[in-house]
Structures are given as C-alpha cells and as structure tokens.
Number of protein chains: 4
Amino acid sequence: MKAVCVVHNETSTGSVSPIAQVRQAIDAAGHPALLMVDTISGLASIDFRFDEWGVDVAVSGSQKGLMLPPGLSFNAVSNKAFEVSKTGGMRRSYWDWQEMAAINPTGYFPYTPGTNMLYGLNEAIAMLHEEGLDNVFARHQRHGAATRAAVRHWGLEVLCRQQGQESGVLTAVLVPEGHSADAFRATALQHYDISLGNGLSKVADKVFRIGHLGDINDLTLAGTLTGVELGLRKSGIPHSEGGVAAAMAELECTRFEPLAAE
Amino acid sequence: MKAVCVVHNETSTGSVSPIAQVRQAIDAAGHPALLMVDTISGLASIDFRFDEWGVDVAVSGSQKGLMLPPGLSFNAVSNKAFEVSKTGGMRRSYWDWQEMAAINPTGYFPYTPGTNMLYGLNEAIAMLHEEGLDNVFARHQRHGAATRAAVRHWGLEVLCRQQGQESGVLTAVLVPEGHSADAFRATALQHYDISLGNGLSKVADKVFRIGHLGDINDLTLAGTLTGVELGLRKSGIPHSEGGVAAAMAELECTRFEPLAAE
Amino acid sequence: MKAVCVVHNETSTGSVSPIAQVRQAIDAAGHPALLMVDTISGLASIDFRFDEWGVDVAVSGSQKGLMLPPGLSFNAVSNKAFEVSKTGGMRRSYWDWQEMAAINPTGYFPYTPGTNMLYGLNEAIAMLHEEGLDNVFARHQRHGAATRAAVRHWGLEVLCRQQGQESGVLTAVLVPEGHSADAFRATALQHYDISLGNGLSKVADKVFRIGHLGDINDLTLAGTLTGVELGLRKSGIPHSEGGVAAAMAELECTRFEPLAAE
Amino acid sequence: MKAVCVVHNETSTGSVSPIAQVRQAIDAAGHPALLMVDTISGLASIDFRFDEWGVDVAVSGSQKGLMLPPGLSFNAVSNKAFEVSKTGGMRRSYWDWQEMAAINPTGYFPYTPGTNMLYGLNEAIAMLHEEGLDNVFARHQRHGAATRAAVRHWGLEVLCRQQGQESGVLTAVLVPEGHSADAFRATALQHYDISLGNGLSKVADKVFRIGHLGDINDLTLAGTLTGVELGLRKSGIPHSEGGVAAAMAELECTRFEPLAAE
C-alpha cells in the first residue's frame with residue numbers, strides 16, 4: 001500500500017496545500033494510495049474537512065491553533081487506513097491504532113493520558129465555538145492578508161508565490177540578497193523583545209517567519225508588525241517605512257461583522 | 001494638626017506632582033503640616049523618595065506599578081505622623097497603625113493577611129529589581145513621551161499642560177469639541193478590543209486615558225496606540241494619521257542601553 | 001442608637017451563638033438596638049439566615065467557608081441599619097455604605113474591586129450549590145461531632161461546654177494543667193507537618209484549635225486527627241490512644257445520603 | 001543483539017526488581033545482552049543507579065516520583081546501546097536517538113519540546129534536592145513498611161511475597177477469595193472519595209493497589225489507609241480493625257531525623 005503525504009499548512013514556507021485537489025488527482029489517476037495529511041499547524045486556524053476531502057489519515061497537535069502547550073497529538077483515521085494499518089507490518093507499540101481503538105469506546109486510553117491537557121483541550125474547543133469556527137478562519141485569513149500587505153509595502157518578498165495558497169497562520173518573508181535573516185531576527189529579539197521564526201533547510205538564513213495564529217487580534221498583529229518594521233530599520237535592511245499602516249488599511253478593507261457563533 | 005495631601009501620579013489627569021517642592025513650600029512657610037502623598041499609581045513606575053522628600057504618610061497599592069491584582073495597600077509613615085496618629089482622636093480599628101506596628105517586629109499581622117498576594121508581591125519586587133528600578137522608571141518616561149508624540153501627531157491635546165509633569169504611567173487626551181470621548185471609547189472597545197480609561201468628574205466624556213504602566217514594552221505600546229488611531233478613524237474624530245509611527249520615531253530617539261540592574 | 005454585637009461562629013472558642021434567640025431577647029426587652037453579627041467563619045459552613053433571624057448588619061469574609069484566599073469582605077445591611085448609618089456621625093470613607101449602595105445598581109464599585117477574587121467567589125458559590133448547602137452544613141456538623149468524639153476518647157476537654165453550641169467549623173481543645181498547648185503545637189508542626197490554631201487571650205497556651213471547614217472530607221479529617229494524636233504522644237501529653245478510630249466510628253453512625261443538591 | 005528487559009518498580013504488583021543482580025547474572029553468563037530498565041514509577045522514589053548498576057537503557061516519565069502531570073518521558077542510554085541503535089534496523093522517527101543526540105549539545109530538541117513541562121521538571125528536581133534524595137527514598141520506604149503493617153493487621157495479604165523487594169511506591173493487596181476487589185474499590189470511591197488502583201491481567205478483580213508516592217507525608221498516608229479501612233468495613237470484607245493505628249506505630253518505630261539535604 002502506498003500513500004500520498006501532504007502538509008496542509010506548511011509552517012516552513014507559509015503556504016497552504018489544496019488537499020481536496022490532491023485527492024481528486026489521486027482518484028483521477030485511479031491510484032489506491034492513501035491520502036495522509038499533516039494539519040498540525042492548520043487545524044482550528046484554517047478550514048479542514050477530513051471526510052469531505054477524502055483524507056485517510058490526519059495528524060494534528062495541541063500547540064498551534066488549539067492554543068495549548070505542546071503535549072497532545074491527534075489522529076483521524078479513515079476505515080480504509082485503519083484496515084491497512086492492521087497489516088502494515090511495521091513494528092510499533094505506543095503509536096498502534098488497534099490498541100487505542102479497542103479501548104476508546106469505554107472512554108479510556110490504553111496508556112497514561114495527558115489528563116491536564118485534555119481539560120485544556122475542552123476549554124480551547126469551547127473558546128473556538130464561542131467565537132465560531134468560520135469567524136476564526138476569517139480572522140486568520142484577514143491577518144494573513146494584512147501581513148502580506150505590510151511585506152509588500154516594505155518592498156520585501158513573501159516566500160509563498162502561489163496566490164490563493166498563502167497561509168493565514170504564518171507568513172515567511174525573504175530578506176534581500178546580501179542580508180542575513182538570522183542576524184535580523186537576533187536584532188529584533190534583542191531590541192524589541194520579539195521572537196520571529198527562522199528559515200529552515202533550503203531557505204535557512206534567507207527567510208524569517210511571522211506567526212499570526214491562535215488567540216491574537218488586530219492590535220496584537222499591529223504590535224508584531226511594528227516589531228518587524230523597527231527590526232528592519234535597526235538591521236539596516238532596505239525597506240519602505242509604513243508597512244504597519246498598510247496592514248491596518250488592509251484590515252479595515254476586510255473588516256467584517258462576525259457571524260453569530262454556532 | 002493639619003496635613004497637606006497630594007497625589008503623586010494623578011490618574012485622572014495624567015500629571016505628576018512635584019512632591020519635593022511641596023515639602024519645601026511647607027517648610028518655607030514654617031508650617032507644621034504633615035505631608036501626605038497618594039502614590040497608588042506612582043510607586044514602582046515613577047521615582048518616589050519617602051525619606052529624601054520629607055513625606056510623612058504615603059499610601060500605595062498592589063494593582064498598578066507592582067503588577068499584581070488589587071488587594072494589598074501599603075502605608076509608609078514618618079515618626080512624626082506616627083506620633084500624631086496616637087492622639088488623632090478619630091475612631092478607627094482596621095486602619096489603626098498602632099496595632100499593626102506593635103506586632104510588625106514579630107513578622108506577623110494583627111489581622112488575617114492576604115498571604116497569596118504577599119507571595120506575588122515578593123515576585124513582583126524581584127522582577128522590578130531584575131530589570132533595575134532606574135530602567136523601569138526610564139521605560140515609563142519613554143513610553144509617556146512616545147504616547148504624547150502620537151497625540152500631538154493626531155492633532156489632539158494632552159490634558160496635562162505643564163511640561164515636565166506629564167505622567168509616564170498614563171496619558172489623558174482631550175477629544176475635540178463636539179465629540180464624545182465615551183462614544184469613542186465604546187467604539188474602540190467594540191471594534192478593536194481595547195479598553196481605554198474614561199474621563200472623571202469635570203472632564204467626563206471630554207477625555208480618554210491611555211495606560212502605559214507595568215509589564216509593557218515598545219511593541220505593546222505600538223499595539224495600544226494603533227487601537228487608539230483605528231478607533232479615532234472609526235469614530236470620525238478628525239485627526240492626522242501616522243501617530244503610531246510618530247510614537248515609534250520618538251522611541252527610537254530616546255532608546256537607551258539599560259543600565260545593569262542592581 | 002445602640003447595637004448588640006454577636007459573633008456567629010466564635011473561632012477562638014469553637015462555639016456557635018444562637019443568633020435568632022439573641023434577636024428574640026432584644027425584641028422581648030422592647031429595645032431598639034441593632035443586631036450586628038460577625039459570621040466571618042460561619043457563613044457557608046453553618047446555617048445563617050439574615051432576614052429570618054432579624055439581623056441588621058452581618059459581616060463575612062472570603063477566606064473561611066467560601067474557600068478563597070483572604071481579600072474580600074461582605075456586609076449585609078437591613079434597611080433600618082442603612083438608615084441609621086446615614087446619621088451615625090462617625091467619619092469614614094472606604095467603609096461608607098452610602099457610596100457603595102449608590103453605585104451598586106449599575107453593577108460597579110466606587111473603588112477598585114478585587115476582580116480576581118470575584119471570579120473565584122463565583123466558582124466557590126457554584127461549588128457550594130453543586131454539593132447543596134444543606135449537605136455542606138451537615139458535613140460540617142458531622143466533622144465537628146467526630147472531632148469531639150476523638151477529643152473525648154483522648155480524655156481531653158472541648159473548650160465549648162454548651163451542648164448544641166459546639167462549632168462544626170473548628171474545635172478548641174484544652175490541654176491538661178501543667179502542659180503547654182503551644183509547645184504541643186510546635187511539636188506537631190515539626191514532626192507531622194500539621195499546623196494547629198493557637199489559643200487566644202485568656203486561653204493562650206492552654207488551648208489548641210483543630211479546623212475542619214471548607215473543602216475537606218472524612219479522610220482529610222482522619223489525617224488531621226491522626227496528626228493530633230501522634231503529636232500528643234510525641235509531646236508526652238497523657239491521653240488514651242484510639243481517638244481517630246473513635247472519630248471514624250462517629251462518622252459511620254452519622255453517615256447520611258446527601259440530599260440532591262438544589 | 002538481544003536485550004534483557006526489567007521493570008524497576010512493578011506498578012501492577014508492587015515489587016522492586018534487583019537491577020544490579022540482573023546485571024551480574026547477565027555478566028556471569030557471559031551474555032552480551034543489553035540491560036533495559038523501565039523505571040517509570042521508580043525514578044525519584046526509589047534509588048536507581050544507571051552507571052553503577054550497568055544499565056544500558058532506562059526509560060522513565062514525569063508523572064510518578066517527579067510529581068508532574070503526564071507528558072514527559074526520559075531515556076538514559078549507554079554508549080553500547082547507542083551504538084547498537086544505529087544498526088538496529090527498525091524503522092522509527094520520533095523515537096530515534098540519533099536525531100536527538102545530534103542536536104542535544106546545542107540545548108535544543110529536533111521536535112517541539114514540552115516547554116511548560118520542562119519548567120515544571122526544573123522545579124520538581126529542586127524540590128527533590130531540597131528534601132534530599134536519601135530522605136525522599138527513606139520516606140517512601142517508611143510509607144511502604146507502614147502500609148504493609150496495616151495490611152497485615154487487617155489480615156489481608158500483600159501481593160509481593162519476596163521480603164525486601166516490596167515497593168515503597170505502591171502496595172498491591174489481595175482481597176480474600178469470594179470477594180471482588182473492584183466492587184470494594186467502587187465502594188471506597190463512592191463513600192470515601194478515595195481512588196484506589198485496580199488489579200491488572202492475572203490479578204484483575206483480586207487485587208487493589210494503594211499508592212504512596214510523590215508529595216505525601218505521614219498524615220496523608222493515614223488519611224489514605226483510613227479510607228481503605230472504612231471501605232473494607234463498608235464492603236463487608238473480613239478484616240481486623242486498627243490497621244491505621246498499626247501503620248502509625250510502624251511509622252513511629254522507623255521515624256528518623258532527616259539527613260541534611262545536599
């Protein structure tokens with residue numbers, strides 16, 4: 001059995017993969033591959049539809065859109081994938097779905113569960129429903145668009161070039177040739193107490209990442225983008241000032257009346 | 001016995017009283033009045049010198065510069081005031097210094113103390129010393145100056161007109177004639193989730209107040225001022241945009257290398 | 001205007017005053033005195049009926065039966081007392097009911113409220129109602145009776161000699177002549193990590209106090225009484241061993257099926 | 001490569017395995033097997049010496065003697081085991097020591113670490129050193145001995161029959177033939193709010209387990225054993241009353257002056 005593995009929200013690049021289209025492509029090819037999706041940083045910030053999109057295995061975690069400390073990981077598994085896992089042949093113990101599924105109907109776990117985290121999860125889910133999932137998703141989209149407006153105003157380049165696939169969770173930004181993204185990040189941290197994500201592997205030291213997920217609002221984003229702009233100035237990275245104002249203007253254009261929460 | 005009562009940091013107007021000069025004026029007049037100072041919102045954010053300035057009674061609280069919940073109040077009392085209190089004649093019980101002073105040397109209180117708050121106070125004082133008191137005071141001064149730079153840029157008026165006496169703890173801002181400060185505050189809260197202080201008594205509905213005290217930094221201030229600017233726009237209060245940028249420019253001018261903490 | 005002041009649950013002696021009978025005695029005498037009751041350690045552990053018993057002023061606090069840290073105090077005031085307070089003549093400020101009552105209908109306070117404590121109070125009240133107030137009161141009564149059974153078994157004397165007025169909140173115990181209650185308390189603390197209350201004023205060093213209020217159950221009480229019994233032995237205070245077992249036997253006799261909570 | 005796998009403290013039976021002797025037996029047989037030890041419930045409650053006893057792989061967790069919520073797991077790995085793991089051949093990712101070891105010297109983790117738990121671990125270790133590890137171990141031994149004294153007094157049987165290998169972490173107790181351990185556990189929980197461990201696999205419903213690990217002291221243990229004794233009575237399981245007193249007598253015999261903490 002083969003599988004196509006896709007990351008829903010790519011935290012290293014700030015792009016969102018079109019999961020439903022990947023499924024359609026697999027089906028169009030008549031291939032029996034499982035569709036496995038990593039939605040660790042996507043779930044609860046970006047729309048994700050396990051059944052509707054035909055996903056076979058999804059993995060997520062507590063420490064991103066669910067606004068909890070690290071410590072919980074989740075699997076959603078299709079019947080097809082569950083059957084396949086019985087005969088997969090790879091030795092495993094803690095990760096074995098069979099033991100988990102066998103005891104799940106009783107409300108228990110085969111191993112010591114992270115009880116404290118489960119209480120937190122309960123509250124996080126209540127908060128998400130209180131705001132309304134559609135409002136949560138729209139908020140992230142607005143903040144992504146506003147961040148990109150700031151980046152364009154600065155004259156810098158967003159790493160994700162595919163329009164419509166930019167992430168509402170984070171934005172990866174390229175620094176100009178001849179400048180070090182990591183030196184910029186160190187300067188911003190030292191002078192403005194803001195911790196920005198680093199570029200990974202191929203874009204190491206070429207990219208910094210601005211997170212805009214979880215429990216944030218327009219003003220938190222304004223503070224964040226101000227930190228980036230002041231850091232650019234302090235680091236001597238060429239840019240046009242006024243990116244924060246551009247972001248705020250974008251936010252005003254896309255301001256919406258929140259839908260009544262479910 | 002008479003007393004001169006002064007508020008160190010006036011939270012309703014955003015101005016700082018020159019305590020040492022009040023003492024000098026009392027002494028120059030040869031008057032025996034006690035000098036009583038309310039430094040509830042001043043202590044730990046603005047320099048305050050009980051002995052050096054000749055204060056007789058100071059009162060403060062936990063919920064401002066000490067960064068704790070409300071619940072603790074403090075008195076500092078000179079020997080002179082302590083003696084006077086023995087013969088003051090006003091009936092009192094819980095507020096009586098004599099009972100408190102009698103048991104204080106044993107490390108205990110005559111009544112049930114707010115133990116949890118005392119643990120918090122211990123930590124708050126440790127945080128202040130870790131940053132260094134002079135750095136804490138300088139940080140508040142910078143944030144006050146930056147906020148006033150924003151207000152001037154907006155074309156609005158700071159309530160405190162006495163240069164040099166503007167508070168580093170909060171800034172009270174007059175809205176133009178014909179506009180309601182309270183309506184503006186309600187709009188800002190509704191749309192940008194920012195809670196601004198209201199004008200009190202004579203300046204009710206004419207003034208709003210921006211707090212910049214406690215555990216805040218340049219970027220938190222930027223988020224705050226962005227909320228004010230967006231709220232002004234949304235409320236239709238005439239102003240020049242760009243106040244946040246003006247504040248940040250001011251912060252850059254006055255940026256300093258923190259002194260080594262004590 | 002005169003007042004009769006009574007303590008509902010006397011923490012220094014472990015006795016409960018019959019408030020309703022005090023009211024009847026005042027009324028029988030045709031005296032207009034106000035009835036003022038301190039129910040700081042009684043409220044939420046022992047039945048208290050402000051209206052039904054004809055109390056004029058009641059004072060309570062957060063740190064006993066309400067299971068919160070110290071920090072909140074409460075007044076209940078009859079119309080009669082409220083009217084009297086307007087002309088009482090004593091100078092006061094923070095404690096003035098008029099200012100509090102004037103703003104109360106708006107849901108606000110005239111001074112900075114202890115917001116964090118109010119959230120805690122909300123939860124404490126929910127917990128009390130979840131258990132059911134009658135069940136809470138019965139639980140305290142049982143624990144008081146069980147503690148007295150232990151004391152009798154030890155051959156020691158309960159300070160409160162009036163049957164029916166012993167407190168369900170705490171039990172004060174006399175140590176035999178020639179022994180120091182404070183030395184015993186120090187021994188128990190050092191060896192068994194249990195902090196017992198001291199005797200106050202007239203019974204200083206003659207009495208120790210066992211608290212059994214708030215969020216405790218049969219087994220917590222067993223641990224507490226074990227600490228007392230081990231401390232008695234270690235201190236060489238003559239006593240019959242087996243007090244904990246006697247207490248548990250008493251608990252079994254008085255075990256009840258909790259009523260359905262309201 | 002083969003391995004001998006041993007559980008240091010067996011939570012299902014309440015017995016401690018002699019790890020050093022297992023090592024000696026392996027060595028005496030001239031066998032190259034790795035010695036792998038599960039000390040999940042042993043570490044920080046019972047003496048464990050990785051280097052001195054010649055262990056190759058140890059696994060532990062945060063939720064037992066380290067007094068934290070579940071969420072962290074630890075490996076200690078000998079050089080020999082580390083070398084073997086490079087060629088083990090089993091596919092793995094998250095559990096792979098190589099990636100972890102490669103980045104460890106920098107103070108970082110290859111995956112998102114449970115940061116909050118690491119702060120808690122820091123504090124837990126400080127608490128253990130404050131008490132002194134030898135005192136912590138002695139405390140657990142005393143509590144185990146006292147619990148067994150109670151069980152013997154009740155006339156019940158401790159599951160672990162090997163003298164000297166009984167656990168200081170928990171005690172598994174056999175209920176008499178014809179009685180259900182699980183029914184007893186349900187009764188104790190319902191009436192006395194005490195949650196006892198269940199028997200696993202072969203001793204299911206025949207055994208209940210009393211935990212005495214982590215942040216407990218003599219009086220907490222007394223409360224625990226009282227709950228068991230009251231539960232036995234309520235369940236109609238034949239037993240001699242007075243087990244708690246027997247446990248306390250044992251504690252007095254073995255009382256010691258704590259060594260000065262390191």
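Good morning. On helix α1 of chain C, the residues C:Gln21, C:Gln24 and C:Ala28 are exposed, where exposed means over 50% relative accessible area, buried under 20% and partly exposed in between, with a 1.4 Å probe and protein chains only. Helices (H or I, at least four residues) and strands (E, at least two) are DSSP runs, numbered from the N terminus.

Before I continue, a word on the source. The model is predicted, and local features need pLDDT of at least 70, side-chain atom pairs count only at pLDDT 80 or more, while totals for chains, interfaces and linings use all residues. Residues are numbered from 1 along each chain as its sequence is written, chains are lettered from A and ligands numbered from 1 in the order in which they are written, and side-chain values use heavy atoms, with hydrogens and water left out.

Let me return to the helix. Which residues of α1, residues 19-28 of chain C, are buried? They are C:Ile19, C:Arg23 and C:Ile26. These residues cover an arc of only 60° around the axis, which puts them on the same side of α1(C); the arc is that of the directions from the helix axis to the C-beta atoms. An α-helix has 3.6 residues a turn, so residues three or four places apart point the same way. The cover over the buried residues of α1(C) includes β1 (3-7) and β4 (34-38) of chain C. After α1(C) comes C:Gly30, with a positive phi near 65°.

I turn now to a sheet in chain B. Four of its strands form an open sheet in the order β7-β8-β10-β9, with antiparallel pairing; two strands pair if DSSP finds at least two bridges between them. The edges are held by β7 (157-158) and β9 (197-198) of chain B, each with a single partner strand, so one side of each has no neighbour in the sheet. Between β7(B) and β8 (residues 170-174) of chain B there are two bridges, and these strands run antiparallel. B:Val158 has B:Val173 in β8(B) as its bridge partner. Helix α6 (residues 181-192) of chain B packs on the sheet, where it touches β9 and β10 (207-211) of chain B, contact meaning heavy atoms within 4.5 Å. The direction of α6 makes about 45° with that of β10(B); axes are lines fitted to C-alpha atoms, for helices over the stretch in contact, and angles run from 0 to 180 degrees between N-to-C directions.

In chain D, I would point to one residue, D:Arg148, in helix α5 (residues 133-154). D:Arg148 is buried, with a relative accessible area of 14%. Not counting residues up to four places away in sequence, D:Arg148 touches D:Val158, D:Glu166, D:Ser167 and D:Thr171.

Finally, how are the chains arranged? A turn of 180° with a shift of 0.0 Å along the axis lays chain B on chain A with an RMSD of 0.0 Å; copies are superposed by least squares on the C-alpha atoms of residues with pLDDT of at least 70 in both. The two copies are thus related as by a two-fold rotation axis. Within chain B, B:Gly223 comes closest to that axis, its C-alpha lying at 2.2 Å. Of the interface residues of chain B, 100% are also interface residues in chain A, so the copies meet through the same surface. Chain C is superposed on chain D by a rotation of 180° with 0.0 Å of shift along its axis, at an RMSD of 0.0 Å. By contrast, no contact joins chain A and chain C, whose closest C-alpha atoms lie 16 Å apart. Thank you.
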